[in-house]
Amino acid sequence: MADKRWIPETLFDALGFRMTFAVEKVLYELETEHQHLVLFEQKHFGKVLMLDGATQVTTRDEFIYHEMMTHVPILAHGSAREVLVIGGGDCGIAEEVLKHKTVTRLTQVEIDESVVDFSKEHFPEFTGPVFADPRFESVIADGMKYVAETDRRFDVIIVDSTDPQGPGAVLFTREFYAACKRCMAKGGVMVTQNGVPFFQPDELISSVGHFRALFADAGCYVAAIPTYVGGHMAMGWAADDTAPRATPVETIAARYAAAGAFATKYWTPEVHKAAFALPRFIAEAVAAAKA
Ligand code: SAM
């Protein structure tokens, strides 16, 4: 192991904490127009993509985040046709969205074309089915500009962004969430990548505070993702109505069956409902979030 290159995640350096990977082989490393991108092969996690020192996706545990960021809002909504993904350039979320036959159009707005191009080469398991699907539309643009200007309306908005640093910082602002509300169809639902509360409590409190000021229903749900280190990952929840979050598990199960009961490795109707039962320290953080 000694002679191996080790690549650290530097996201939590301010906390004096680092997760570090022993690298089998660096497959791709690039300073893009927007951020530093490195993709490497790792013995346990397979391919690992990092942007600006933060782990984005690994082959081994991607299913947890991608399934929970997709099937929860779409099956809670119940008749989602128009879906918008902000960020998500690796297409892992898009691949899950397109498993839903009710979805008639999926628009992905990614700021960094390099991420999409290189994912076509290195994550064909995501990009292959996605770019072959006529319902998919890939837009290269700043998500803030897109939601501020589009005249389209979306049933479900999924913000699969980087952390609030660099190009991703604007995606955690009230201005951005207000623009998302503007292009949300009646009864719409928005979910957001909202960090790891044990290490990033302020990120969640700030977003939920914005949601509380703008939407009828505001909160978050959680899942444990091994390489989003630090325990529970929070996924922000903002909806035009309180009904989607209150959908009974039997209804979620019936909608899943009607959607063809496609294969999942983490999401189940029971896990869907349980994900909103927050541990006390997270529930208290969410409750404390001021509009
Ligand atoms: N799941 C990962 C996570 O939780 O950290 C995120 C994966 S995805 C690769 C994040 C994407 O958001 C990146 O490709 C990045 O380029 C994109 N992004 C960052 N800021 C953006 C912006 N302002 N508009 C659109 N896309 C943005």
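This short report walks through the ligand site of the structure above and then turns to its salt bridges.

Keep in mind as you look around that this is a predicted model.

**The ligand and its surroundings**

Let's start with where the ligand is: it sits in the largest cavity. A shell of 25 residues surrounds it, and the closest are Gln35, Glu110, Gly143, Asp160 and Tyr228. By residue type, this shell divides into 10 nonpolar, 10 polar and five charged residues.

Three of the closest residues are worth bringing up on your screen, as the side chains of Gln35, Asp160 and Tyr228 each place a polar atom 2.9 Å from an atom of the ligand. Gln35 pairs with a ligand oxygen, while Asp160 and Tyr228 each pair with a ligand nitrogen. Here they are side by side:

| Side chain | Ligand atom | Distance |
|---|---|---|
| Gln35 | oxygen | 2.9 Å |
| Asp160 | nitrogen | 2.9 Å |
| Tyr228 | nitrogen | 2.9 Å |

How much of the ligand's surface does the protein bury? Taken alone, the ligand exposes 600 Å², and the protein buries 99% of that.

**Salt bridges**

Now for the wider view: across the whole structure, a search finds 11 salt bridges. One of them joins the side chains of Glu82 and Arg105, with 3.3 Å from N to O. This pair links distant parts of the chain, since its two residues are 23 apart in the numbering. Glu82 belongs to strand β6 (residues 82–87), and Arg105 to strand β7 (residues 105–110).

Definitions and conventions. Residues numbered from 1 in each chain as written. Predicted model: local features only at pLDDT ≥ 70, side-chain atom pairs only at ≥ 80, totals over all residues. Heavy atoms only, no water. Near = heavy atom within 4 Å. Polar contact = N/O pair within 3.5 Å; in protein donor to acceptor, adjacent residues only side chain to side chain. Areas by Shrake-Rupley, 256 points an atom, 1.4 Å probe, with all protein chains shown as cover. 1 Å grid on protein atoms, 1.4 Å probe; cavity = no way out; pocket = protein on both sides within 12 Å on 5 of 7 lines; lining within 4 Å. Sits in = over half its atoms within 2 Å of the grid points. Nonpolar A, V, L, I, M, F, W, Y, C, P; charged D, E, K, R; others polar. Salt bridge = Lys/Arg side-chain N within 4 Å of Asp/Glu carboxyl O. Helix = DSSP H or I, 4+ residues; strand = E, 2+ residues; numbered from the N terminus.
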